[in-house]
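I set out here what I looked up in this structure, entry by entry. The order follows my own reading.

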Amino acid sequence: MEDTEWREKKFSFFQHKECEYFPCHQVGDMKNFNCLFCFCPLYALGEQCGGNFRILENGIKDCSACTMPHQKENYGMVMERLQRLKREV
């Protein structure tokens, strides 16, 4: 599948408006808020995830300000980085 072919596919976007946590992040464009990656699959990449995170004083990675995996247009980037994680493991 080409890098952008996923844009026309239904599997690249999902909203669970019935979820008790929806939306888990406040964003300006709720129409394109993607719930597909509810728990970020890139967390294991640590500081190489590409998201907006901070490291707390206790060393824990805090991703509460990150909306990167919830943006519809980032599906391709998330999948690309998952392939990178697969290679590294």
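Entry 1, the largest pocket. I sorted the lining residues of the largest pocket by class and obtained 20 nonpolar, 5 polar and 1 charged. In this sorting Ala, Val, Leu, Ile, Met, Phe, Trp, Tyr, Cys and Pro count as nonpolar, Asp, Glu, Lys and Arg as charged, and the others, Gly among them, as polar. The lining comprises 26 residues, and those nearest the pocket centre are C24, F37, C38, F39 and H70. I noted a volume of about 370 Å³ for this pocket. A pocket here is an open set of points on a 1 Å grid over the protein atoms alone, where a 1.4 Å probe fits, with protein on both sides within 12 Å along at least five of seven lines; lining residues have an atom within 4 Å of a point. Grid points are joined across faces, edges and corners, and the volume is the space filled by probe spheres set on the points.

Entry 2, provenance. I recorded that the model is predicted, that local features need pLDDT of at least 70 and side-chain atom pairs pLDDT 80 or more, and that totals for chains, interfaces and linings use all residues. Residues are numbered from 1 along each chain as its sequence is written, and side-chain values use heavy atoms, with hydrogens and water left out.

Entry 3, overall layout. I counted 1 helix and 2 strands in the protein chain, and their order from the N terminus is β-β-α. The elements are DSSP runs numbered from the N terminus, helices being H or I of at least four residues and strands E of at least two. Along the principal axes, the C-alpha atoms fill a box of roughly 40 × 35 × 20 Å. Of the 89 residues in the chain, 27% are buried. I use buried for under 20% relative accessible area, exposed for over 50%, and partly exposed for values in between (1.4 Å probe, protein chains only).

Entry 4, the segment before β1. I found P23 in this segment, and the peptide bond from F22 to P23 is cis, with omega near -10°. S12 also has its place in the segment before β1, and S12 counts as buried because its relative accessibility is 3%. The C-alpha atoms of S12 and M79 are separated by 9.9 Å, although the two residues are 67 apart along the chain. A44, again in the segment before β1, is exposed at 61% relative accessibility. From A44 to L85 I read 8.0 Å between C-alpha atoms, across 41 residues of sequence.

Entry 5, a surface patch. Which residues form a nonpolar patch on the surface? They are F39, Y43 and I60, with about 340 Å² of accessible area together. Patch members have over 30% relative accessible area and no salt bridge; nonpolar side chains (Val, Leu, Ile, Met, Phe, Trp, Tyr) are joined within 5 Å, and like charges within 9 Å. The areas come from the Shrake-Rupley method with a 1.4 Å probe, and for residues only the protein chains shown count as cover. Y43 lies in the segment before β1 (54-55) and is partly exposed, at 35% relative accessible area.

Entry 6, salt bridges. How many salt bridges does the structure hold? I found 2, each being a side-chain nitrogen of Lys or Arg within 4 Å of a carboxyl oxygen of Asp or Glu. Side chains of opposite charge can pair when their charged atoms come close. One bridge joins D62 and R54, at 3.0 Å from N to O, and D62 is buried, at 17% relative accessibility. In the other, the closest N and O atoms of E88 and R84 are 3.3 Å apart. E88 and R84 are about one helical turn apart because 4 residues separate them in helix α1. E88 is exposed, with 54% relative accessible area, whereas R84 is partly exposed at 26%.

Entry 7, helix α1 and the loop ahead of it. I located V78 in helix α1 (residues 75-88), and V78 is buried, with a relative accessible area of 0%. V78 and C49 are 29 residues apart along the chain, with 8.9 Å between their C-alpha atoms. K72 has its place in the loop between β2 (61-62) and α1 and is partly exposed at 33% relative accessible area. For K72 and Q26, 46 residues apart in sequence, I noted a C-alpha to C-alpha distance of 15 Å.
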